[in-house]
Amino acid sequence: MTIDSARVSENERTLLARVPKGLFIAGEWRDAAGGATFGVEDPATGDLLAHVADASAADGATALEAARAAQPTWAATPPRERSDILDRAYHAVVERIEDFALVITLEMGKPLAESRGEVRYAADFLKWFSEQAVRIRGDYRVSPDGQSRLLTLRQPVGPSLLISPWNFPLAMITRKVAPALAAGCTAVLKPAEDTPLTCQLLAEVLSDAGLPPGVLSVLPTSDPAGLVGPMLADERLRKVSFTGSTAVGQNLLIGAAQNVLRTSMELGGNSAFLVFDDADLDAAVEGALLAKLRNGGESCVAANRILVQSGVADEFAERLADRISQVKVGRGTEPGTQLGPMINREQRDRVQLLVDDAVRGGATVVTGGSAPDSDGYFYEPTVITGVSASARITHEEVFGPVAPVYTFDHENEALRAANDTRFGLVSYAYTRDIGRALRVAEGLEAGMVGVNRGLVSNAAAPFGGVKQSGLGREGGFEGIDEYLSVKYVAIDKP
Ligand code: ADP
């Protein structure tokens, strides 16, 4: 397969020229303290899209001071005012859906249609938390002995550091920024180095929506450890929220221990996708396709291991391979593209290593299995069968368009295999038996379960994992609690 992608067009250059390139600190755009910048690439071609300011530890300290200074006023701002700013930002993002979608596709690679889907999903968090900002509850209770009154209130945790990944350059940010701002926390946001441009546009939108200076700073950097390390050690910071790999999350937890920071961690996954003999096979194939190829498989909720009961295993693998082999691969801006490039060379090469390792262990490539000839970082949509339990791909997050299919005989065996991982983010089950669906949903060690559904993400739902997939929940009623501390006031009996 050869993929010859279009280069950056005039139209795309015009939009890129309008994206702010500086650091956003204390309500204004400025150069990095040392004047440094770094480049952002188009993963479909390797072409340079733009340079953005490269924040250092000095900029981190300046942004943190702005967050500290703005914290008391922001916390005291009426919830309705905070809500209105988020609501205005929601409308602005929806109005500029085409700009946001194109910037996402340019820097991250996914097809434009999926980028539009991400923009709507991302905007939903602004809307949802604009609604939650005015619903922060307290409590009034009588003590069991009747001698006192127990009053509880929820107050913002304080200046929060938000670190986001490149796979959803907008949604993983609004999922953190919206609840933080709704709760009354000020924030410093560090986008991923592969995809800072989308975040720059969001900062512009929030600023235009009336966010007061200092409440939010945005610091792109090519040196995340150098920027974040000193911030975690700084007593002005009160919270860190992170989405990314388990390895980096574990390091951040160690760093966060210095100041006993509140932490929210959305880490890696190793989702099992279970298909039982009694499943609606058409729905299961479509669900697997969605759970595997949405976002090019570069998602922590992507189906990592597809486990199929022996009665339907061959037919399922054949149908999945047939559908996957028809997927159109190309630059995300080209009409009809269903699978864009992977984010960078390193990730693409990692996926090839995992496939090669599985094949060495006895797996068969049914379709795909290699990188097309191209300047970009494409990988063929791939199905492999006969993968051994000890293959690396069975235990590591693939983060690419590769579907390993396994076979099982009994429900218990499927559950055991599904849970045989250090991760626990999401798993999926396809069955028409309601009893089995509930048994399996209860038995899966995961923060989320999709039943006859290959997509669980929703701004109104609590997203998060157990085991090494993380701590805390984003979205839903739970999402804002991550940014609130409970205070208890004891009052003597009236
Ligand atoms: P992925 O595997 O999805 O690239 P990473 O965990 O490497 O995930 O990156 C997710 C986010 O964590 C990005 O914003 C990245 O810049 C940031 N990051 C990576 N390494 C560190 C680090 N040592 N300290 C702080 N942030 C980091």
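Two strands count as paired if DSSP finds at least two bridges between them, with strands (E, at least two residues) and helices (H or I, at least four) taken as DSSP runs numbered from the N terminus. We're working with a predicted model, where local features need pLDDT of at least 70, side-chain atom pairs count only at pLDDT 80 or more, and totals for chains, interfaces and linings use all residues. Residues are numbered from 1 along each chain as its sequence is written, and side-chain values use heavy atoms, with hydrogens and water left out.

**Exercise 1. Work out how β3 and β4 are connected.**

Step 1: Find the strands. β3 covers residues 37–41 and β4 covers residues 48–53.

Step 2: Check the pairing. The two run antiparallel and are joined by 5 bridges; E41, for one, has L48 in β4 as its bridge partner.

Step 3: Look at the link. β3 and β4 make a hairpin with 6 residues between them, and in the turn G46 has a positive phi of about 80 degrees.

**Exercise 2. Give the sense in which β15 pairs with β14 and with β16.**

Step 1: Take β14 (residues 364–367) and β15 (residues 382–385). They run antiparallel, with 3 bridges, and T364 stands opposite T385 in β15.

Step 2: Move to β16 (residues 402–408). Here β15 pairs in the parallel sense over 4 bridges, and I384 has P404 in β16 as its bridge partner.

**Exercise 3. Describe what surrounds the ligand.**

Step 1: Locate the ligand. The ligand sits in the largest pocket. A pocket is an open set of points on a 1 Å grid over the protein atoms alone, where a 1.4 Å probe fits and protein lies on both sides within 12 Å along at least five of seven lines; "sits in" asks that more than half of the molecule's atoms lie within 2 Å of the grid points.

Step 2: Sort the shell by element. α8 (224–232), β10 (239–243) and α9 (246–256) each give two or more residues, and α8 has the largest share with 3 residues.

Step 3: Pick out the nearest residues. There are 16 around the ligand, and S164, W166, K190, E193 and S245 come nearest; being near takes a heavy atom within 4 Å.

Step 4: Read off the distances. Polar side-chain atoms lie 2.8 Å (W166), 2.5 Å (E193) and 2.7 Å (S245) from an oxygen atom of the ligand.

Step 5: Check the burial. Taken alone the ligand exposes 560 Å², and the protein buries 80% of that (Shrake-Rupley method, 1.4 Å probe).

Methods:
A polar contact is a pair of N or O atoms within 3.5 Å; within protein, one must be able to donate a hydrogen and the other to accept it, and residues adjacent in sequence count only if both atoms are side-chain atoms. On a 1 Å grid over the protein atoms alone, a cavity is a set of points where a 1.4 Å probe fits but cannot get out, and a pocket is an open set with protein on both sides within 12 Å along at least five of seven lines; lining residues have an atom within 4 Å of a point.
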